[in-house]
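Work through these exercises with the model in view. Try each task before you read its solution.

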Amino acid sequence: MRSQLYLVCVAAFVAASFLCQADDRKQPDVASDRPTECPDGHRELKDVPILYGKVSYDEQLQRDLADLKYVLGGCIVGKDSPKTALICGKCRFRYGGDGGWHKSSTNADLFSMPFSKVLLDSVKLFEPKDPAYYDQTVEGKRLIIQRVQFKCPRDRKTLDLEVAQLMQRNGIRRENSRYDHEVFYGSDAESGVYQVWVLTDQGNQLLDLTISPKPPMKNAEKPQ
Ligand SMILES: [Zn+2]
């Protein structure tokens, strides 16, 4: 009786192993396209359900986001929109599906690749009351886009002037401006193209400073 039970267990184990192998063989593309580590080399990658649409940013949602029960997907959802996002459970880099990884935080120290001095200087210069949002997009081990956004306690004219002085101090020249709220568009040889957007939100100026590679982003549009 005991040996029969043993045999059943062995048979079940062999069948399970076979099924697992068969399953692996069925999806070679998915397995090979899926990264196995984040840009920081962590292997704790997790498929997290994406929450689309307008959300109420209450305490429960904030806890769920912190626990990686969900990630936010924005307001626009189509039938091809992904249902899950691949996220590093350790550092929160999010895979974009196109080889690029993206990360946002209010703490610049949580990024292993340092931000440009100009971006960090802009936060020091304006001393925003609310936390600044830092963003990076990384491909492989290369920093492609870096960005900082914050509410600026300045009127528009003073802000334009101080941004221009900040750029000048860092040797970044003004080139052109495509939109009214884009106050500066310069570049330097090393870092790429600097774009500064100023948006007015309930009497506050929202400063958005992005550094992207040359040539500028193909789909550069007004930020939302
Ligand atoms: Zn990571």
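**Exercise 1. Compare the length of helix α5 with the span expected from its residues.**

Step 1. Helix α5 has 14 residues. Helices are DSSP runs of H or I with at least four residues, strands are runs of E with at least two, and both are numbered from the N terminus.
Step 2. The expected span is 1.5 Å times one less than the number of residues. For α5 this gives 20 Å.
Step 3. The end C-alpha atoms of α5 are 20 Å apart, so the model agrees with the expected span.
Step 4. Look just past the helix. Gly171, just after α5, takes a positive phi of about 70°.

Two notes on the source: residues are numbered from 1 along each chain as its sequence is written. The model is predicted, so local features need pLDDT of at least 70 and side-chain atom pairs pLDDT 80 or more, while totals for chains, interfaces and linings use all residues.

**Exercise 2. Trace the pairing of strands around β5.**

Step 1. Recall the rule: two strands pair if DSSP finds at least two bridges between them.
Step 2. β4 (residues 94-95) pairs with β5 (residues 100-105) over two bridges, in the antiparallel sense. Arg94 stands opposite His102.
Step 3. Check the turn. Four residues lie between the strands of this hairpin, and Gly97 has a positive phi near 85°.
Step 4. Turn to β6 (residues 133-139). Six bridges join β6 to β5, and the two run antiparallel. Trp101 has Val138 as its bridge partner in β6.

**Exercise 3. Find the nonpolar cores.**

Step 1. Define buried: 20 or more other C-beta atoms, placed from the backbone, lie within 10 Å of the residue's own. Buried residues make up 18% of the 224 residues.
Step 2. Define a core: buried Ala, Val, Leu, Ile, Met, Phe, Trp, Tyr and Cys residues joined through C-beta atoms within 7 Å.
Step 3. The largest core has 19 residues; Leu119, Val148, Tyr194, Val196, Leu207 and Leu209 touch the most other members. Elements giving it two or more residues include α4 (117-126) and β7 (142-152).
Step 4. Another core, of seven residues, lies apart from it; Ile87, Cys88, Trp101 and Val138 are among its members.

**Exercise 4. Decide where to read the model with care.**

Step 1. Use pLDDT, the predictor's confidence in each residue, from 0 to 100. The protein averages 79, and 74% of the residues score at least 70.
Step 2. Compare elements. Helix α1 (residues 2-26) has the lowest mean, 40, and β4 the highest, 96.
Step 3. Over residues 1-29 the pLDDT is below 50. Over residues 220-224 it stays under 50.
Step 4. Where pLDDT is low, the predicted coordinates should not be read in detail.

Methods:
A residue is buried if 20 or more other C-beta atoms lie within 10 Å of its own, exposed if 12 or fewer, and partly exposed in between; C-beta atoms are placed from the backbone. Two residues are in contact if their C-beta atoms, placed from the backbone, lie within 7 Å.
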